[in-house]
Amino acid sequence: MCRLFLVILFISNVGSQAPMKLSLQTGASVTIPCHYDRTYVQYKKYWCYNIEASFRSCTIQAYSNEIKGNVTVIDNPAESLFTVTMKDLQTENTGWYWCGIEKRGLDVNENVYITVKSDPDLSVMKSRVSGEEGGRVTVQCLYSAAYQNTQKQWCRFKDRHCNNEVRTVTSQKSAVHILDDGRGSFSVQMSALKKSDAGWYWCSAGDLQVPVHISVFGDPPGIIIMHDLQ
């Protein structure tokens, strides 16, 4: 049986950016990346739920590298992030959460608000997409009528850099093109992929986001690797 326990925490919010807001479908699963500064690599991380109005107490659902019920928290120090996977989401899972880092004095956290309903306002066709180095990937983001006239963006978690509905350079020759059809869908195409483009991103419509992971593998098309047979 999953054991949840209430703790009183003293919290220091990470940065001044607005909290992430996710709209998720009933019964679905989601993986949420939580980035942290390299100085916190050795610290214990956790995922917290049911934050009180004072933002000083919550229920810890799982610590790093634990599986508790439908929640899994995995720390990835090499990338300075930990991921939280929640499965079989239900409407009662709606509420405030935070990615937390336990340390002496003030804990460090980043707030996330999750809404779970049968017809989410923002979603993606695939939350994990992969492509070859030098190639391209396309992510399809779906939004409800309520978000038809909102700004659409494609953002990278690591540096919070966002691309709007224009063609922009992301890293050297890699490029992003966003096209909104105005009828409930916008596509994001990343071309001339580099291995440094791999990582976590999010589709954004208005004040909502949805995480997407991009993997880049292999050698650039047309490149022949010669091996010494001696």
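Reader: Which residue stands opposite V71 in β8?
Author: That's K68. Bear in mind that this is a predicted model.

Reader: Sure. How do β7 and β8 pair, and over how many bridges?
Author: They run in the antiparallel sense, with 3 bridges between β7 and residues 71-76 of β8.

Reader: And what's the strand order in the sheet?
Author: Going across, you have β4-β9-β8-β7, an open sheet of 4 strands with antiparallel pairing.

Reader: Which strands stand at the edges?
Author: Those are β4 (30-35) and β7 (66-68). Each has a single partner strand, so one side of each lacks a neighbour in the sheet.

Reader: What does the twist average?
Author: From one strand to the next, the average is 15 degrees.

Reader: Nice. Switching topic: where is T150 found?
Author: T150 sits in a loop, the one between β14 (137-143) and β15 (152-156).

Reader: Is T150 buried or exposed, or something in between?
Author: In between: its relative accessibility is 24%, so T150 counts as partly exposed. The cut-off for buried is under 20%, and exposed means over 50%.

Reader: What does its side chain reach?
Author: The T150 side chain reaches the backbone oxygen of Y147, at 2.7 Å.

Reader: And which residues is T150 in contact with, leaving aside neighbours within four places in sequence?
Author: A205 and G206.

Reader: How about L208, what separates its C-alpha atom from that of T150?
Author: The two C-alpha atoms are 10.0 Å apart, while T150 and L208 are 58 residues apart along the chain.

Terms used:
Residues are numbered from 1 along each chain as its sequence is written. This is a predicted model: local features need pLDDT of at least 70, side-chain atom pairs count only at pLDDT 80 or more; totals for chains, interfaces and linings use all residues. Side-chain values use heavy atoms; hydrogens and water are left out. Two strands pair if DSSP finds at least two bridges between them. Helices (H or I, at least four residues) and strands (E, at least two) are DSSP runs, numbered from the N terminus. Axes are lines fitted to C-alpha atoms, for helices over the stretch in contact, and angles run from 0 to 180 degrees between N-to-C directions. Buried means under 20% relative accessible area, exposed over 50%, partly exposed in between (1.4 Å probe, protein chains only). Contact means heavy atoms within 4.5 Å. A polar contact is a pair of N or O atoms within 3.5 Å; within protein, one must be able to donate a hydrogen and the other to accept it, and residues adjacent in sequence count only if both atoms are side-chain atoms.
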